[in-house]
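Let's take a stroll through this protein together. Have a look at the picture first, and then we'll go from the overall fold down to the details.

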Amino acid sequence: MPHPAEAQTVDIPTVQGASPGLTGMLAVPEGPGPWPGVVMVHEAFGVNDVMRRQARRMADAGYLALMPDLFTNGGARKCLTETFRALAAGEGKAFADIESARQSLIARDDCTGAVGVIGFCMGGGFALVAATKGFAAASANYGRLPKDIDAALSGACPIVGSYGGNDKSLRGAAARLDESLARLGVPHDVKEYPGAGHAFLNDEESGPPIMRFVLTRIIGAGPNPEAAADAWRRIDAFFAEHLTEAG
């Protein structure tokens with residue numbers, strides 16, 4: 001018998017500009033709703049088994065979890081460059097996909113109407129920029145910061161951010177994000193974990209095996225269970241305050 005919160009592939013009705021035939025992974029909590037919703041934005045390697053388990057984890061925590069596949073129209077090899085261009089521009093098809101997922105959750109009878117966003121790696125960057133796009137709370141995990149950070153995050157919803165101190169690709173990102181959100185008066189909780197690298201919330205190494213050694217050497221990528229446990233504790237508490245109580 002499948003786990004009640006097991007993520008299932010679903011079709012996502014789209015807003016203008018989104019990927020034709022957009023699909024995603026949906027995980028529903030056990031028991032009676034309604035529940036708050038969370039749009040989950042996957043890492044650069046796409047909707048893989050690691051990301052599916054993250055969706056199940058969010059559902060087990062009491063959230064309708066929907067992860068749109070930003071690579072629906074061709075996979076990572078074809079879509080990755082376009083997706084990163086959208087991230088840099090702060091607009092484009094990927095953001096329309098994320099908005100489609102948000103609207104899809106809001107439309108469900110078992111959703112309270114309060115919807116947050118959480119992202120990992122590439123998705124962490126999207127979660128930051130999407131924090132100004134109608135969400136009630138955002139969780140950015142080792143996400144790239146917008147170029148003009150104050151302008152990009154002005155008017156953002158509350159943000160919880162987690163970064164690894166050994167992540168050479170994002171040196172100083174946690175401090176810069178914390179300082180910007182403080183200047184803007186955005187409620188936030190940002191923490192850097194000294195012993196962790198990139199993708200430390202993953203429960204196993206992700207991506208093509210041929211790339212894993214390089215990623216570990218360059219950005220310290222890989223699981224860190226101790227840092228992950230603390231980061232999830234903070235995310236759960238932050239979302240409980242800003243999503244569960246708001247809903």
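What radius of gyration does the protein chain have, and what would a compact globule with 247 residues have? Keep in mind that this is a predicted model. The chain comes out at 16 Å, and because a compact globule with 247 residues would sit near 18 Å, the two agree. Along its principal axes, the C-alpha trace spans about 45 × 40 × 35 Å. Of the 247 residues, 53% count as buried. Now take the contacts with a separation of 6 or more: residues 24 or more positions apart account for 71% of them.

What is the chain built from? Its secondary structure comes to eight helices and eight strands. Let's pick out helix H1, which covers residues 49-60. Its twelve residues reach 16 Å from the first C-alpha to the last, close to the 16 Å expected at 1.5 Å a residue. At the N-terminal end, Asn48 acts as a cap, with a side-chain oxygen 3.2 Å from the backbone nitrogen of Val50. Val50 is itself buried, as are Met51, Gln54, Ala55, Met58 and Ala59. The buried residues of H1 pack against several elements, including strand S2 (23-27), strand S5 (111-120) and helix H8 (225-244). Just after H1, Gly62 takes a positive phi of about 100°.

Further along the chain, strand S7 (residues 159-164) and strand S8 (residues 188-193) run parallel, joined by six bridges. Here Ser162 stands opposite Lys191 in S8. To get from S7 to S8, the chain passes through helix H6 (residues 173-184), making a right-handed β-α-β crossover.

Notes. Residues are numbered from 1 along each chain as its sequence is written. This is a predicted model: local features need pLDDT of at least 70, side-chain atom pairs count only at pLDDT 80 or more; totals for chains, interfaces and linings use all residues. Side-chain values use heavy atoms; hydrogens and water are left out. Two strands pair if DSSP finds at least two bridges between them. Helices (H or I, at least four residues) and strands (E, at least two) are DSSP runs, numbered from the N terminus. A crossover is right-handed if, with the strands pointing away from the viewer, the path from the first strand over the helix to the second runs clockwise. The expected span of a helix is 1.5 Å times one less than its number of residues. Buried means under 20% relative accessible area, exposed over 50%, partly exposed in between (1.4 Å probe, protein chains only). Contact means heavy atoms within 4.5 Å. A polar contact is a pair of N or O atoms within 3.5 Å; within protein, one must be able to donate a hydrogen and the other to accept it, and residues adjacent in sequence count only if both atoms are side-chain atoms. The radius of gyration is taken over C-alpha atoms; the globule rule is 2.2 Å times the number of residues to the power 0.38.
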